[in-house]
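This report describes the pockets, the sheet and a helix packing of one protein model. The sequence and the structure are shown first.

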Amino acid sequence: MTASSPDLKAFLLATPFFGGLTDPSLDLLISMLVERNFDAGATVVAEGEPGRSMFIVKSGRLAVSKRADSGSVIPISTLRPGDFFGEMTLIEMQNRSATVVAESQTVLYELTAPNLYACYKADIHAYVIVLQNINRELCRRLRRADDRFAGHIVGEDN
């Protein structure tokens, strides 16, 4: 579990995942986080593997990619401090949808599905805010994907 500090609280509250939580709710979630360290080049999660946790980026830089049907690797995005990933497996209970590799020394906070469920049991208000924050971020990502797709299609027509 992760020790709470004013700096950690300020950092987490500034992320899209923890925004809007009360101090006691934030303390509860912080107590459920596990700090994970990854060296540059380490695979954090691999596309297709089972997933039962999500991650918040404390430091470092990570590359998100998917494998095309042809076998080539398609870069999807870059993650930086404050970003989070892996939340889709907590919502839809499917295997990982992408591969995430640390591009530099990286520190992540991991929240497991059982701990998220424990949050639900202990503080339903915090749980609802967290799910709302996840949904907002998923909507932002979908809009960006739509914009990239629309730009790609328009670019092909010209």
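The largest pocket of this predicted model encloses about 740 Å³ of space. Its lining comprises 25 residues, and Val64, Ile76, Ser77, Met88 and Arg141 are those nearest the centre. At least two lining residues come from each of S4, S5, strand S6 (84–85), helix H3 (87–92) and helix H5 (124–157). The greatest contribution to this lining is that of H5, with seven residues. In terms of class, 12 lining residues of the largest pocket are nonpolar, five are polar and eight are charged.

The second largest pocket has a volume of about 160 Å³. Among the residues that line it are Arg52, Leu90, Met93, Tyr117, Tyr127 and Leu131. Two or more residues of this lining are given by each of H3, helix H4 (113–122) and H5. Here H4 gives the most, with four residues. Nine residues of this second lining are nonpolar, none is polar and one is charged.

The table sets out the two pockets by volume and main contributor.

| Pocket | Volume | Element giving most to the lining |
|---|---|---|
| Largest | about 740 Å³ | H5, seven residues |
| Second largest | about 160 Å³ | H4, four residues |

The strands S4 and S5, which supply residues to the lining of the largest pocket, also belong to an open sheet. This sheet has four strands in the order S2-S7-S4-S5, paired in antiparallel fashion. Strand S2 (43–45) and strand S5 (73–79) each have a single partner strand and stand at the edges, so one side of each has no neighbour in the sheet. On average, neighbouring strands are turned by 30° against each other, direction ignored.

Strand S4 (residues 62–67) is joined to S5 by six bridges. Within this pairing, Leu62 has Leu79 as its bridge partner, while Arg67 stands opposite Val73. The two strands form a hairpin with five residues between them, and Gly71 in the turn has a positive phi of about 100°. S4 is also joined to strand S7 (residues 99–102), by four bridges; in S7, Leu62 is partnered by Ala102.

Elsewhere in the chain, helix H1 (residues 6–13) packs against helix H2 (residues 23–32) at an angle of about 100°, with the axes 11 Å apart. The two helices are therefore roughly perpendicular to each other. In this contact, Leu8, Lys9, Leu12 and Leu13 of H1 meet Asp23, Leu26, Asp27 and Ile30 of H2. Five of the contact residues are nonpolar, none is polar and three are charged.

How values were computed: Residues numbered from 1 in each chain as written. Predicted model: local features only at pLDDT ≥ 70, side-chain atom pairs only at ≥ 80, totals over all residues. Heavy atoms only, no water. Pairing = 2+ DSSP bridges. Axes fitted to C-alpha atoms, helices over the stretch in contact; angles between N-to-C directions. Parallel < 35°, antiparallel > 145°, perpendicular 65-115°, else oblique. Contact = heavy atoms within 4.5 Å. Nonpolar A, V, L, I, M, F, W, Y, C, P; charged D, E, K, R; others polar. 1 Å grid on protein atoms, 1.4 Å probe; cavity = no way out; pocket = protein on both sides within 12 Å on 5 of 7 lines; lining within 4 Å. Points joined across faces, edges and corners; volume = space filled by probe spheres on them.
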